[in-house]
Amino acid sequence: MFTAVLVVRSTPLLEQHRIMSKSETRKVTHTATGLVFMLTWVLYSSSAVAPWLAALAPGAVTVQVLLVGFGVMKDEKLVQGMTRTGKASELLGGPLLYGAIHALFTVVWWRSSAAGMVGLAALCAGDGLAGLYGTWYWRELGRLPHNPDKTWAGTLACLLGSFFASSSLLLLFSTLGFTHAAGGGALTFGRILRGCAYCSMAAAAVESMPLGNWDNLWVPLSAALIAMVEL
């Protein structure tokens, strides 16, 4: 839990020191928080309560987001770090879904299944990097014909970010003996690369759609469902 809170609290320093804009800093938080969180899974035992203990981190942050969003408690740093407009009520959209998906995927799939990791990698590295690179390079590659709010640069970043993050995580966790193929047995290198490619293509296709804040649900879910079949 400390690690997740540290990432959320430290990334706004990028804006304060004028290294990145507020929008870019928010996307860095979106990308880094979940990836760091998943790396901490190696620290847990094989106990049945381990996924529930791990889910306490995103669960606690989600509850805090909910309370601040409804105005029950105040946390200006959280609001400024997680919203576009600086309004607390915005926390009840994308940020709330982000935390809830992390907690849910952790409990449902944990590290024994590829689906949870692949889904969260698509949410963090895929959707997060899509926002960054879409902002930086949209002029070079242009906007998508079916959704002018999204860009080719963002879609490509989502595809590559999802693929490299998910395949790296699966290689790590399968090597350590935590993650196995859906039908049992070991995850081979070829199967990981092929499966992550399919999952990343699905995530990038969904991310390109005009879903608003709901992309925080459908992007990871689409990747996870493909992973259940391919991995």
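This briefing covers aromatic ring pairs and the surroundings of one cysteine. The model is predicted. Across the whole structure, a search finds 10 aromatic pairs. Two of them are described below, followed by the cluster that holds their rings and by the setting of C196.

**Aromatic pairs**

- A pair of aromatic rings is described by the distance of the centres and the angle of the planes.
- F37 and W41 form an edge-to-face pair, because their planes stand at 85°, where over 60 degrees counts as edge-to-face. Their ring centres are 5.7 Å apart.
- Both residues of this pair, F37 and W41, are buried.
- F173 and F178 form a tilted pair, because their planes stand at 50°, which is neither under 30 nor over 60 degrees. Their ring centres are 6.0 Å apart.
- F173 is buried, with 0% relative accessibility, whereas F178 is partly exposed at 21%. The cut-off for buried is under 20%, so F178 does not count as buried.

**Aromatic cluster and a nearby charge**

- One aromatic cluster is formed by F37, W41, Y44, W110, F173 and F178.
- The charged end of R111 sits over the ring of F178, at 4.0 Å from the ring centre.

**Setting of C196**

- C196 lies in helix α9, which spans residues 189–207.
- With a relative accessible area of 0%, C196 is buried.
- Apart from neighbours within four places in sequence, C196 is in contact with F163, S166, S167, L170 and L231.
- C196 and A54 are 142 residues apart along the chain, and their C-alpha atoms are separated by 24 Å.

Key: Residues are numbered from 1 along each chain as its sequence is written. This is a predicted model: local features need pLDDT of at least 70, side-chain atom pairs count only at pLDDT 80 or more; totals for chains, interfaces and linings use all residues. Side-chain values use heavy atoms; hydrogens and water are left out. Rings of Phe, Tyr and Trp (its six-membered ring) pair if their centres lie within 6.5 Å; planes under 30 degrees apart count as stacked, over 60 as edge-to-face and the rest as tilted. Buried means under 20% relative accessible area, exposed over 50%, partly exposed in between (1.4 Å probe, protein chains only). A charge sits over a ring if NZ of Lys or CZ of Arg is within 6 Å of the ring centre and within 35 degrees of the ring normal. Helices (H or I, at least four residues) and strands (E, at least two) are DSSP runs, numbered from the N terminus. Contact means heavy atoms within 4.5 Å.
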